[in-house]
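Got the viewer open? Here is a walk through the structure, one selection at a time.

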Amino acid sequence: MDYRQVFEDAIGTLKSEQRYRVFADIERDAKRFPHATWRRTDGVAQDVTIWCSNDYLGMGVHPEVIAAMKSAAAMHGAGAGGTRNISGNNHPLVKLEEELADLHGKEAALVFTSGWISNLAGISTIADLLPGCLILSDALNHNSMIEGVRRSGAERQIWRHNDVAHLEELLAAQPLERAKLIVFESLYSMDGDISPIKDVCDLAEKYHAMTYIDEVHAVAMYGARGGGVAEREGQMHRIDIIEGTLAKGFGVIGGYIAASQAIIDSVRSYAPSFIFTTALPPAVAAAATQSVRIAKARPELRMAHQRQAWLTKHALMQAGLPVMANLSHIVPVMVRDAQLCKAATDMLLDRHGIYIQPINYPTVPRGTERLRITPTPYHGDAHIAHLVESLVDVWATLRIPFVQSSDVAAPFANDAHCSYPAMKRAAE
């Protein structure tokens with residue numbers, strides 16, 4: 001067998017399908033965020049503005065978060081020293097779990113090396129420990145959740161995205177006494193839509209099911225203290241297991257689950273991906289802890305973020321750009337063609353110094369390719385104006401269809417599709 005050819009053919013397939021991904025060499029600058037330096041392949045260094053970061057609040061460049069990391073690294077060293085079962089159970093990690101449990105009003109929390117691993121470990125372990133468990137998974141759940149479901153030996157059924165009538169149909173077909181785990185997200189990051197959390201909780205109680213919610217794109221971002229959409233909607237106490245990340249709204253790295261002491265202790269004791277993985281370094285844990293504390297205490301950060309997201313959406317829509325309506329801070333601008341999507345992002349970078357990665361299959365279905373724009377509090381009004389002007393130029397140059405502003409503005413007419421107006425009224 002020609003082993004080399006196998007891999008060259010695999011890459012060739014991606015390129016022919018316009019799915020091959022090229023990573024720009026970006027050097028983030030903590031003092032100038034969202035500005036960064038793009039190291040071009042010709043050796044030239046160019047200033048660019050990042051518009052696709054999941055560091056939604058800019059916590060990764062927050063001086064207090066950076067100071068916490070520096071201090072902990074100087075005190076404890078660079079690494080954790082091993083798995084938590086052997087030698088890596090450091091004190092900053094213990095304190096981080098206490099902060100996360102408090103954030104979600106749960107008895108305990110467990111930190112993993114990433115949000116992907118926390119879903120894989122949490123879902124598979126919990127389902128496997130429930131005798132005869134049936135997992136009911138939303139059709140648009142993230143890859144990490146899907147892998148957690150697959151890793152489990154439990155039976156699984158898929159319910160149509162956010163369709164609680166279909167979920168109830170599946171639940172009602174099962175014996176009431178059967179163990180059931182409903183697995184869903186609070187905020188779906190590609191379309192930016194939000195799940196009907198209360199309705200899901202109502203069904204869980206009615207049919208004696210457990211609930212597992214992924215709040216990855218919502219923690220730090222929503223709720224009085226940044227507990228997520230479930231906190232904002234007063235449903236956090238009704239969710240059995242809350243999963244989140246430290247790598248997006250909190251700006252560091254790592255993932256976690258928060259639940260009852262018994263659930264957390266069981267996952268800690270049974271999940272191979274926890275048991276055999278080196279722990280997060282103390283410096284990372286300390287930085288994340290400080291970020292969680294800031295998010296809890298400073299709702300004005302969420303207000304500032306929502307304002308810029310709201311302004312960005314409205315400015316893009318008024319320019320006739322095809323923004324997908326949603327209830328969150330995510331700003332999807334639809335291209336619907338893989339080649340054009342890549343061309344648009346290349347032109348934004350080369351011509352306008354704007355860094356946005358193309359979102360193509362398999363992240364989204366074919367024919368729904370898009371730019372996924374994520375404003376932060378650090379993106380000022382001038383940044384937004386530059387973004388709009390640049391996108392209009394790219395759309396015109398590549399002949400990507402515009403839309404009538406009235407066609408996209410109508411769903412946003414009452415400001416229901418962004419939290420900022422409601423937050424502003426509450427603050428006043």
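A cut-off to keep in your pocket: a residue is called buried when its relative accessible area is under 20%, exposed when over 50%, and partly exposed in between. Asp202, at 30% relative accessibility, therefore counts as partly exposed. We'll get back to Asp202 in its salt bridge with Arg238 further on. One thing to bear in mind throughout: this is a predicted model.

**The whole chain**

Start with everything shown as cartoon. You should find 16 helices and 14 strands in the protein chain. The radius of gyration is 22 Å, close to the 22 Å that the globule rule gives for 428 residues, so the chain is as compact as a globular protein of that length. Along the principal axes, the C-alpha atoms fill a box of roughly 70 × 60 × 55 Å.

Now colour by burial. Of the 428 residues, 54% count as buried. Switch to a surface view and you are looking at about 18300 Å² of exposed area, with carbon and sulfur atoms supplying 55% of it. As for how the chain packs on itself, take the contacts with a separation of 6 or more: residues 24 or more positions apart account for 73% of them.

**The start of the chain**

Select Met1, Tyr3, Val6 and Phe7. Together they make a nonpolar surface patch of about 540 Å². Met1 sits in the segment before α1 (3-16) and is exposed, with a relative accessible area of 79%.

Next, pick out α1 itself. Its 14 residues should span 20 Å at 1.5 Å a residue, and the end C-alpha atoms are indeed 20 Å apart, which agrees. Click on Gln18, just after α1, and check the backbone: phi is positive there, about 60°.

**A stop in β2**

Move on to Thr37 in strand β2 (residues 35-39). Buried or exposed? Thr37 has 17% relative accessibility, so it counts as buried. Show its surroundings, skipping neighbours within four places in sequence, and you get contacts with Asp25, Ile26, Glu27, Arg32, Ala45 and Gln46.

**Salt bridges**

There are 28 salt bridges in the structure; a few are worth zooming in on. Begin with Arg84 and Glu97, whose side chains meet at 2.5 Å, N to O. Arg84 is in the loop between α2 (63-76) and α3 (91-104), while Glu97 is in helix α3, 13 residues apart. Both Arg84 and Glu97 are buried.

Then select Lys206 and Glu168, another salt bridge, with the closest N and O atoms 2.8 Å apart. Lys206 lies in helix α7 (residues 197-206) and Glu168 in helix α6 (residues 164-172), so this pair ties together parts that are 38 residues apart in sequence. Glu168 counts as partly exposed, at 25% relative accessibility.

Stay with α7 and pick Asp202. Its salt bridge partner is Arg238, and the closest N and O atoms are 2.6 Å apart. Since Asp202 lies in helix α7 and Arg238 in the loop between α8 (229-232) and β9 (241-245), the pair ties together parts that are 36 residues apart in sequence. Burial is not shared here: Asp202 is partly exposed at 30%, whereas Arg238 counts as buried at 18%.

For a bigger group, select Glu99, Asp102, Arg225, Arg293 and Lys296. These residues are linked in a network of salt bridges.

**Inside α12**

Now go to Ala309 in helix α12 (residues 299-318). How much of Ala309 is accessible? Its relative accessible area is 0%, so Ala309 is buried. Leaving out residues up to four places away in sequence, Ala309 touches His329, Val331 and Pro375. Try a distance too: the C-alpha atoms of Ala309 and His379 are separated by 9.2 Å, although their positions lie 70 residues apart along the chain.

**Last stop: α14**

Finish on helix α14 (residues 381-398). With 18 residues at 1.5 Å each step, the expected span is 26 Å, and the end C-alpha atoms are 26 Å apart, which agrees. Which residues of α14 are buried? Colour them in: His383, Ile384, Leu387, Val388, Ser390, Leu391, Val394 and Trp395. Then step off the end of the helix to Arg399, which follows α14 and has a positive phi, near 60°.

Methods: Residues numbered from 1 in each chain as written. Predicted model: local features only at pLDDT ≥ 70, side-chain atom pairs only at ≥ 80, totals over all residues. Heavy atoms only, no water. Patch = residues over 30% accessible without salt bridge, like charges linked within 9 Å, V, L, I, M, F, W, Y side chains within 5 Å. Areas by Shrake-Rupley, 256 points an atom, 1.4 Å probe, with all protein chains shown as cover. Salt bridge = Lys/Arg side-chain N within 4 Å of Asp/Glu carboxyl O. Helix = DSSP H or I, 4+ residues; strand = E, 2+ residues; numbered from the N terminus. Buried < 20%, exposed > 50% of the residue type's maximum accessible area, 1.4 Å probe, protein only. Rg over C-alpha atoms; globule rule 2.2 N^0.38 Å. Contact = heavy atoms within 4.5 Å. Expected span 1.5 Å × (residues − 1).
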